[in-house]
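This report describes the sheets, the nonpolar packing and the aromatic contacts of the structure shown below.

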Amino acid sequence: MRISRRVFAAAAAAVVLMPLSACGSGGADGGSTDASGKVEGDITFQTWNLRANFKPYFEGVVAGFEEKYPGTHVKWIDQPAEGYADKISADAAGGTLPDVVNVSPDLVAPLAKAGLALDLDKAAAKYKSEYLAGAWASHRIPGMTGTYAFPWYLNTGPLFYNKSLFEQAGLDPDQPPTTYDELFAQALQLARKTNGRVATLANVPTVEDFGRYGVELMNKAGTAFAFNDTKGIELLTKYKELYDAKALDPQALTATPESSGKKFLTGAVAMNPGSALDLDNFKKQAPTLYKNIGITDQITSTGHVNMYVMGVMVNSKTKHTAASVAFAHYVTDAQQQMSFAKKVAIFPSTAGSLGDPYFTKEDGTDETRVRIAAAKSLKNAVNYTPVLFSEQMKTALRNEVAKALQGKESPETAVDNAVKQCNTLLQQQG
């Protein structure tokens, strides 16, 4: 499995889980929140589509843990990407949820609400300082107290831009936009100078854009969405201006990561998110673009870029709390995360790890160039996608954004309707 920014975007797109029972693998009587006992017993660890490419790595992790803690035995199971959320839901409802589970924030939310995710602020608070603050906070649930998974690997994507197109439009190729205000101004200039032939962006705004723009996505209690405030309306109004001026690609409403990438490759779009794999592709397929490629941070008006995060949850009903917590911590500690990061293009969530020379020292390769740019931005990144923002909600927002861009609704009406639909769905999650 290629773990990339796009994969993280897809991983967060999980179906709404069915109502969960309060039963886990430990049985109806449950386990214990006390993780201070002896680390021993048989536990099960479930990952998410990682066996095919990383079998030796995980077998090594399991062996290392069992050697460190004699009397433990870890059974590692891996589930395919397709239907992973359904599988977790079925296991939770049937009382067969594994002891330690690979989750994303949106997957842990219904488990925490059902009392199936161990609160690590109570059971493992001593480990909190080992992780980046933003990563630890990513598995908190609005309206609840506590943290419900150890942060595991992170990802983010730098933004590529075509220096030649910027220069042709009279823009400084070495000063790309960093805030949304700069982006909007430069995008309109680029469209005007090229008579609408070159768009700056190929994608419509998502909930992450609203977050990076500084919109309050939910109320403080976490009981309702609130991105239909003045700033939310303002953001969509600006995107409507881009769309009308062809500074936003006319096909943005139906764009996919692949189609956006092709637009950037051919010079029809001036900026696009990507990874080191894309940079290698430019070198082979578009050498002129490659010679003029610029790399910059994601656009943000808050000073914080968005990060995608995976986590490792402990089943609150496990019969072996001490062993389960110890293993979840072991998988996500600095040593294991650095080892994993050197095998695939992801980043550790442990404090200090991003200062390692692997993430700071140039060696002349494109892969390192992109890795360093992404790692630098991750140190104070946040996960803007609300934990409770389901795939259905993403679709609702996208549909309303499309209506606003096409002029079928005003931006104000569109965000109002999107918030109403999302809040209805939120109530159904209950």
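## Strand β5 and the three-stranded sheet

In this predicted model, strand β5 covers residues 159–162, with Leu159 and Tyr161 pointing one way and Phe160 and Asn162 pointing the other way. All four of these residues are buried. In a regular strand, side chains alternate between the two faces of the sheet.

Strand β5 has two partners. With β6 (residues 271–273), β5 runs antiparallel and is joined by 3 bridges; within this pairing, Tyr161 is the bridge partner of Met271. With β7 (residues 293–296), β5 also pairs in the antiparallel sense, here over 4 bridges. Two of the residue pairs can be named: Phe160 is matched with Ile295 of β7, and Asn162 is matched with Ile293 of β7. The result is an open sheet of 3 strands in the order β6-β5-β7, with antiparallel pairing. Its edge strands are β6 and β7, each of which pairs on one side only. Neighbouring strands of this sheet are turned by 30° against each other on average, direction ignored.

## The five-stranded sheet

Another open sheet contains 5 strands in the order β2-β1-β3-β8-β4, and its pairing is mixed. The edges are formed by β2 (72–79) and β4 (150–155), each pairing on one side only. Here the average turn between neighbouring strands is 20°, direction ignored.

Within this sheet, β1 (residues 41–48) and β3 (residues 100–103) run parallel and are joined by 2 bridges. At this junction, Phe45 stands opposite Val100 of β3.

## Helix α4

Helix α4 spans residues 105–113 and is mostly covered, with 7 of its 9 residues buried. The buried positions are Pro105, Asp106, Leu107, Val108, Ala109, Leu111 and Ala112. Just after the helix, Gly115 adopts a positive phi of about 80°.

## Nonpolar cores

In soluble globular proteins, nonpolar side chains tend to be buried together. The largest nonpolar core of this model has 124 residues, and Phe227 and Phe327 touch the most other members. Among the elements, helix α14 (residues 321–331) gives the most to this core, contributing 8 residues.

Leaving aside residues up to four places away in sequence, Phe327 touches Ile43, Phe45, Val61, Val62, Phe65, Val74 and Val100. Two of these contacts, Phe45 and Val100, are the residues that stand opposite each other between β1 and β3. A second, separate core has 8 residues, including Phe264, Phe282, Ala286 and Ile293. Of these, Ile293 is also the bridge partner of Asn162.

## Aromatic pairs

A pair of aromatic rings is described by the distance of the centres and the angle of the planes. The model has 32 aromatic pairs. One of them is Trp48 with Tyr84: the ring centres lie 4.4 Å apart and the planes meet at 10°, so the pair is stacked. This pair links distant parts of the chain, since Trp48 belongs to strand β1 and Tyr84 to helix α3 (residues 84–94), 36 residues apart. Both Trp48 and Tyr84 are buried.

Phe58 and Trp152 form an edge-to-face pair, at 6.0 Å centre to centre and 75° between the planes. Phe58 is located in helix α2 (residues 51–68) and Trp152 in strand β4, so their pair ties together parts that are 94 residues apart in sequence. The relative accessibility of Phe58 is 1%, so Phe58 counts as buried. Trp152 is likewise buried, its relative accessible area being 0%.

Ring pairs also join residues into a cluster made up of Phe45, Phe54, Tyr57, Phe58, Phe65, Tyr69, Trp76, Trp152, Tyr153, Phe327, Tyr330 and Phe340. The edge-to-face partners Phe58 and Trp152 thus both appear in this cluster, and so does Phe327, one of the two residues that touch the most other members of the largest core.

## Charged groups over rings

Two further contacts place a charged side-chain end over an aromatic ring. The charged end of Arg51 sits over the ring of Trp76, 4.0 Å from the ring centre; Trp76 is itself part of the aromatic cluster. In the other contact, the charged end of Lys231 sits over the ring of Tyr213, at 4.7 Å from the ring centre.

Methods:
Residues are numbered from 1 along each chain as its sequence is written. This is a predicted model: local features need pLDDT of at least 70, side-chain atom pairs count only at pLDDT 80 or more; totals for chains, interfaces and linings use all residues. Side-chain values use heavy atoms; hydrogens and water are left out. Two strands pair if DSSP finds at least two bridges between them. Axes are lines fitted to C-alpha atoms, for helices over the stretch in contact, and angles run from 0 to 180 degrees between N-to-C directions. Buried means under 20% relative accessible area, exposed over 50%, partly exposed in between (1.4 Å probe, protein chains only). A nonpolar core is a set of buried Ala, Val, Leu, Ile, Met, Phe, Trp, Tyr and Cys residues joined through side-chain atoms within 4.5 Å. Contact means heavy atoms within 4.5 Å. Rings of Phe, Tyr and Trp (its six-membered ring) pair if their centres lie within 6.5 Å; planes under 30 degrees apart count as stacked, over 60 as edge-to-face and the rest as tilted. A charge sits over a ring if NZ of Lys or CZ of Arg is within 6 Å of the ring centre and within 35 degrees of the ring normal.
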